[in-house]
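Trainee: Please take a close look at one part of this model, the pockets and the helices beside them. I would like one connected account.

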Amino acid sequence: MLLRPASPGTGIIAGKTVRAVLESVGVKDVLTKSLGSKNAANVVKATLQGLLSLRRREDIYVGRGLEIKKAKAPETPAVAPAPDAPSPAASTAA
């Protein structure tokens with residue numbers, strides 16, 4: 001079973017058996033490909049095995065001897081105040 005992360009908003013691109021498993025565990029965006037068996041029971045077993053074999057990014061970096069770099073939080077742009085619009089009461093009073 002091949003499970004690949006997908007861009008946000010892609011959804012679950014999978015067959016009905018794999019889709020049921022991934023929806024059950026709360027996966028949102030993933031691309032899948034079943035390589036081998038078409039037997040539903042074996043596909044479910046392969047999907048669960050694939051999910052259980054996932055590793056965290058931090059563990060992979062440590063295993064490779066790489067430094068984990070923290071990303072800076074994005075700065076919020078300054079918003080200019082809206083120009084003062086005449087109030088509706090001022091236009092009806094004239």
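Mentor: The largest pocket has a lining of 13 residues, and those nearest its centre are Leu3, Arg4, Pro5, Leu54 and Arg55. Three elements each give two or more residues to this lining: strand E1 (2-5), helix H2 (40-52) and helix H3 (57-64). Of the elements, E1 gives the most, with 3 residues. The pocket holds about 330 Å³ of space. By class, its lining residues are 8 nonpolar, 2 polar and 3 charged. This is a predicted model, and what follows should be read as a description of that prediction.

The second largest pocket has a volume of about 200 Å³. Its lining consists of Gly15, Lys16, Thr17, Val18, Thr32, Ser34, Ser37, Lys38, Ala40 and Val43. Helix H1 (16-25) and H2 each supply at least two of these residues, and H1 gives the most, with 3 residues. The classes here are 3 nonpolar, 5 polar and 2 charged. H2 therefore contributes at least two residues to the lining of the largest pocket and at least two to that of the second largest.

Next, H1 itself. Its buried residues are Val18, Val21 and Leu22. They lie on the same side of H1, because the arc they cover around the axis is only 95°. An α-helix has 3.6 residues a turn, so residues three or four places apart point the same way. On the other side of H1, the exposed residues are Lys16, Glu23 and Ser24. Two residues of H1 named here also belong to the lining of the second largest pocket: Val18, from the buried set, and Lys16, from the exposed set. The buried residues of H1 pack against E1, strand E2 (12-13), strand E3 (30-33) and H2. Just after H1 comes Gly26, with a positive phi of about 90°.

The packing can also be followed from H2. Thr47 lies in this helix. Its relative accessibility is 0%, so Thr47 counts as buried. Leaving out residues up to four places away in sequence, Thr47 touches Met1, Leu3, Val18, Val21 and Leu22. Val18, Val21 and Leu22 are the buried residues of H1, and Leu3 is one of the residues nearest the centre of the largest pocket.

Leu51 is also placed in H2. With the same sequence neighbours left out, Leu51 touches Leu3, Val21, Leu22 and Val25. Leu3 and Leu51 are 48 residues apart in sequence, while their C-alpha atoms are 8.3 Å apart in space. Leu3, Val21 and Leu22 are thus touched by Thr47 as well as by Leu51.

The last item is the pairing of charged side chains. Side chains of opposite charge can pair when their charged atoms come close. The count comes to 1 salt bridge. Arg56 and Asp59 form a salt bridge, with their closest N and O atoms 3.5 Å apart. Arg56 counts as exposed because its relative accessibility is 51%. Asp59, at 41% relative accessibility, counts as partly exposed.

Terms used. Residues are numbered from 1 along each chain as its sequence is written. This is a predicted model: local features need pLDDT of at least 70, side-chain atom pairs count only at pLDDT 80 or more; totals for chains, interfaces and linings use all residues. Side-chain values use heavy atoms; hydrogens and water are left out. On a 1 Å grid over the protein atoms alone, a cavity is a set of points where a 1.4 Å probe fits but cannot get out, and a pocket is an open set with protein on both sides within 12 Å along at least five of seven lines; lining residues have an atom within 4 Å of a point. Grid points are joined across faces, edges and corners, and a volume is the space filled by probe spheres set on the points. Helices (H or I, at least four residues) and strands (E, at least two) are DSSP runs, numbered from the N terminus. Ala, Val, Leu, Ile, Met, Phe, Trp, Tyr, Cys and Pro count as nonpolar, Asp, Glu, Lys and Arg as charged, and the others, Gly among them, as polar. Contact means heavy atoms within 4.5 Å. Buried means under 20% relative accessible area, exposed over 50%, partly exposed in between (1.4 Å probe, protein chains only). The arc is that of the directions from the helix axis to the C-beta atoms. A salt bridge is a side-chain nitrogen of Lys or Arg within 4 Å of a carboxyl oxygen of Asp or Glu.
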